[in-house]
Amino acid sequence: MGLRAGCSVPLCLLLLLLQSGQRLCQRAASCQPGFTAETFALTVPRDSVAAGRALGRVNFEDCGESRRAAFLPDDTRFKVSRDGIVSATRPLQLQHRDITFAVHTWDATGKKHSAKVTLRHRRHQHQPLSQQDTVPDVLIFPEHGHGLRRQKRDWVIPPINCPENERGPFPKKLVQLYSHAVSANGQPVEDPMEIIITVTDQNDNRPVFTQQVFVGYIEENAKPGTSVMTVNATDADDAINVNNGIIGYSIISEEPKGAQRMFTINAEKGIISVIGTGLDRETTPNYTLIIQAADQEGNGLTNTATAIIKVTDANDNPPVFDPTTYEDAVDENEVGVLVARLHVTDQDLPGSPAWNAVYRIKSGDPGDPQGNFEITTDPKTNDGLLKTAKVGPAAAWLARHWLTLCWHYLASLPPPGPGLRDPEPVHARGVSAE
């Protein structure tokens with residue numbers, strides 16, 4: 001809108017005021033207080049960050065309003081000055097991971113604003129950023145329409161560290177700060193300042209096992225790579241910023257010794273697993289391992305514990321008849337008479353399902369089609385008890401009965417393992433006479 005020729009002075013002044021007011025209203029309507037970005041990405045050249053190091057800046061547009069609120073991060077490892085400078089309050093180890101936290105502040109009307117800050121290790125030049133890794137620039141200076149603005153000074157506190165177990169003399173001077181900023185009436189004008197003193201860790205604690213004796217079980221003939229159990233130890237030293245509390249596990253000894261080692265341990269997780277072949281309960285039912293835990297990733301202070309590994313039984317041994325032939329005589333017409341006690345030996349664990357034998361009459365000459373005999377198992381001795389089962393005519397008992405007896409596994413057991421075969425038949429001859 002321009003001035004019309006020939007307008008009076010009061011009218012021209014009124015038109016100028018209206019134009020200026022319109023521009024100010026348009027500008028005020030387009031400016032909204034808040035952070036200039038939802039997420040600020042800050043990068044550092046190294047994986048480690050020193051305390052007090054300035055990491056970057058977050059920007060807040062206050063639209064020319066006076067704002068006294070501070071920036072408050074929700075992670076105590078960081079602080080944000082009034083001009084938006086983000087710095088670390090203590091030493092950090094990124095360990096190739098990003099750290100994300102939120103920063104909050106309030107505008108002149110009391111409205112809360114929040115933004116996210118992500119701290120990451122700068123990639124090498126030969127690793128180009130993908131499109132999704134592209135982040136907005138963080139050092140953005142907002143434009144102000146009222147000329148240069150004076151920024152209130154802010155303290156930059158150098159890192160203050162003190163090793164634990166400090167021997168003195170005390171009091172011990174760590175750092176010296178001076179401040180002489182006061183108002184005209186002598187009142188201090190500095191904002192409250194947070195000073196963080198980091199107690200640096202010393203490797204003064206040994207690893208401690210959660211128990212002195214660990215017991216695990218593994219079935220015989222287990223394949224290499226099968227896990228047996230896990231041992232655990234703790235260390236009170238720092239395992240985040242330094243490696244004083246990072247534990248490494250190892251096996252010092254294995255008893256009994258053999259031609260090959262039977263077990264190994266994961267150095268980081270403490271998982272004990274099978275590495276050798278030929279675990280056999282019948283020859284070696286137990287193994288004893290001495291486990292060492294050393295801090296500083298296996299190179300520092302040490303402690304030991306015992307791991308006992310018990311080899312459990314598998315059904316890998318068939319019963320063997322001893323002797324293989326039995327002969328006896330019984331009177332006719334008597335039921336329940338013990339004809340013979342059949343004895344077997346089994347190398348599997350006595351009393352276990354793999355050791356318990358079950359007998360049956362398999363064949364005969366002429367056999368036992370009428371069920372004149374029965375056989376059961378003595379639960380204490382594992383012997384087979386062959387008895388008469390029926391009363392029959394005397395003529396039927398005059399014939400010689402050759403009975404073949406065999407064992408079989410309990411119904412709950414799997415079939416014999418590879419290489420096992422049925423035992424040799426056992427013959428029991430019963431003769432009856434009037």
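Select Phe35, Phe40, Phe60 and Phe71: ring pairs link these residues into a cluster. Rings of Phe, Tyr and Trp (its six-membered ring) pair if their centres lie within 6.5 Å; planes under 30 degrees apart count as stacked, over 60 as edge-to-face and the rest as tilted. The structure holds nine aromatic pairs.

Before moving on, note that the model is predicted: local features need pLDDT of at least 70, side-chain atom pairs count only at pLDDT 80 or more, and totals for chains, interfaces and linings use all residues. Residues are numbered from 1 along each chain as its sequence is written, and side-chain values use heavy atoms, with hydrogens and water left out.

**Two ring pairs**

A pair of aromatic rings is described by the distance of the centres and the angle of the planes. Select Phe78 and Phe101. The ring centres of Phe78 and Phe101 are 4.3 Å apart and the planes stand at 15°, so this pair is stacked. Phe78 sits in strand 7 (residues 78–80) and Phe101 in strand 10 (residues 99–106), 23 residues apart, so the pair links distant parts of the chain. Helices (H or I, at least four residues) and strands (E, at least two) are DSSP runs, numbered from the N terminus.

Are these rings buried or exposed? Phe78 is buried at a relative accessible area of 3%; Phe101 is buried at 4%. Buried means under 20% relative accessible area, exposed over 50%, partly exposed in between (1.4 Å probe, protein chains only).

Next, select Phe209 and Tyr249. Their ring centres lie 6.4 Å apart with planes at 55°, so the pair is tilted. This pair also links distant parts of the chain: Phe209 belongs to strand 14 (residues 208–209), Tyr249 to strand 18 (residues 248–255), 40 residues apart. Both Phe209 and Tyr249 are buried.

**His104**

Go to strand 10 and pick His104. What joins the side chains of His104 and Ser114? A polar contact of 2.6 Å does. A polar contact is a pair of N or O atoms within 3.5 Å; within protein, one must be able to donate a hydrogen and the other to accept it, and residues adjacent in sequence count only if both atoms are side-chain atoms.

Now show the surroundings. Leaving aside neighbours within four places in sequence, His104 is in contact (heavy atoms within 4.5 Å) with Ala70, Phe71, Leu72, Asp74, Lys112, His113 and Ser114. Phe71 is also part of the ring cluster at the start of the tour.

**Ile252**

Return to strand 18 and select Ile252. Ile252 is partly exposed, with a relative accessible area of 47%. Outside its neighbours within four places in sequence, Ile252 is in contact with Ile290, Gln292 and Thr304. Draw a distance from Ile252 to Gln292: the C-alpha atoms are separated by 6.5 Å, with the two residues 40 apart along the chain.

**Strand 15**

Select residues 213–219, which form strand 15. In a regular strand the side chains alternate between the two faces of the sheet. Here Phe214, Gly216 and Ile218 point to one face and are buried. Val213, Val215, Tyr217 and Glu219 point to the other and are not.

Add residues 302–312, strand 22. Seven bridges join strand 15 to strand 22, and the two run parallel. Two strands pair if DSSP finds at least two bridges between them. Look for Thr306 in strand 22: Val213 stands opposite.

**Two open sheets**

Three strands make an open sheet in the order 16-20-19, with antiparallel pairing. Strand 16 (227–230) and strand 19 (263–265) are the edge strands, each pairing on one side only. From one strand to the next, the twist averages 25°. Axes are lines fitted to C-alpha atoms, for helices over the stretch in contact, and angles run from 0 to 180 degrees between N-to-C directions. Three bridges join strand 19 to strand 20 (residues 271–274). Within strand 20, Ile272 is the bridge partner of Ile265.

Another open sheet of three strands has the order 25-29-28, also with antiparallel pairing. Its edges are strand 25 (338–342) and strand 28 (373–377). The twist here averages 20° from one strand to the next. Four bridges join strand 25 to strand 29 (residues 384–388). Arg341 stands opposite Leu385 in strand 29.

**Zoom out**

Show the whole protein: three helices and 31 strands. Buried residues make up 32% of the 434 residues.
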